[in-house]
Amino acid sequence: MSGYNKDTGIFELTATKANYWLRRTSFPPGCEGKSGIVLCAALFESQGFEVVKKATNYLHVKANPDQIWEMLSGSKSDPERSK
């Protein structure tokens with residue numbers, strides 16, 4: 001299940017949630033030819049986020065929910081929505 005652990009600062013991102021949130025149209029170098037959760041891991045790593053664990057159907061990323069949304073969607077997070 002996707003979710004954020006405030007104690008560790010780690011967001012568990014499932015492949016289902018990643019695919020649903022992945023709306024960005026441009027990607028940084030290093031992401032070419034990748035898809036799914038592998039693409040998401042490359043995207044976070046290319047922007048300096050620590051990917052703590054990679055599996056075939058989920059990631060553990062050292063990022064908060066707003067950062068996850070912004071990286072995957074390519075859009076700014078709404079602070080009112082993330083309260």
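The exercises below walk through a predicted model, each with a worked solution. Local features need pLDDT of at least 70, side-chain atom pairs count only at pLDDT 80 or more, and totals for chains, interfaces and linings use all residues. Residues are numbered from 1 along each chain as its sequence is written, and side-chain values use heavy atoms, with hydrogens and water left out.

**Exercise 1. The sheet**

Work out the order in which the four strands form the sheet, and find which strands stand at the edges.

Solution.
- Step 1. Take strands (E, at least two residues) and helices (H or I, at least four) as DSSP runs, numbered from the N terminus.
- Step 2. Look for pairs: two strands pair if DSSP finds at least two bridges between them.
- Step 3. β1 and β2 pair over three bridges, antiparallel. Here Y4 stands opposite F11 of β2.
- Step 4. β2 and β4 pair over five bridges, again antiparallel. E12 has H60 in β4 as its bridge partner.
- Step 5. β3 and β4 pair over three bridges in the antiparallel sense. K54 stands opposite L59 in β4, and a hairpin joins β3 to β4 through three residues.
- Step 6. The order is β1-β2-β4-β3, and the sheet is open. β1 (3–5) and β3 (51–54) are at the edges with a single partner strand each, so one side of each has no neighbour in the sheet. The twist averages 15° from one strand to the next; axes are lines fitted to C-alpha atoms, for helices over the stretch in contact, and angles run from 0 to 180 degrees between N-to-C directions.

**Exercise 2. Helix α3**

Describe how helix α3 (residues 65–73) begins, what it packs against, and what follows it.

Solution.
- Step 1. Start at the N-terminal end. N64 caps it: a side-chain oxygen of N64 lies 2.9 Å from the backbone nitrogen of D66.
- Step 2. Find the buried residues (under 20% relative accessible area; exposed is over 50%, partly exposed in between; 1.4 Å probe, protein chains only). In α3 they are I68, M71, L72 and S73.
- Step 3. List what they pack against, where contact means heavy atoms within 4.5 Å. The elements are β2 (10–14), α1 (15–21), α2 (36–46) and β4 (58–62).
- Step 4. Step past the helix. G74 follows α3, with a positive phi near 80°.

**Exercise 3. Aromatic rings**

Trace the aromatic cluster that F11, W21 and W69 form.

Solution.
- Step 1. Apply the rule: rings of Phe, Tyr and Trp (its six-membered ring) pair if their centres lie within 6.5 Å; planes under 30 degrees apart are stacked, over 60 edge-to-face, the rest tilted. The count comes to three aromatic pairs.
- Step 2. Take F11 and W21. Their centres are 6.2 Å apart and their planes at 45°, so this pair is tilted. F11 lies in β2 and W21 in α1, so the pair ties together parts 10 residues apart in sequence.
- Step 3. Take W21 and W69. They are edge-to-face, 6.0 Å centre to centre with 85° between the planes. This pair links α1 to α3, 48 residues apart.
- Step 4. Check accessibility. W21 is buried at 16%, whereas W69 is partly exposed at 22%.

**Exercise 4. The residue F27**

Where is F27, and which residues does F27 touch?

Solution.
- Step 1. F27 is in the loop between α1 and α2.
- Step 2. Its relative accessible area is 35%, so F27 is partly exposed.
- Step 3. Leaving out residues up to four places away in sequence, F27 touches L22, L39 and L43.

Key:
A polar contact is a pair of N or O atoms within 3.5 Å; within protein, one must be able to donate a hydrogen and the other to accept it, and residues adjacent in sequence count only if both atoms are side-chain atoms.
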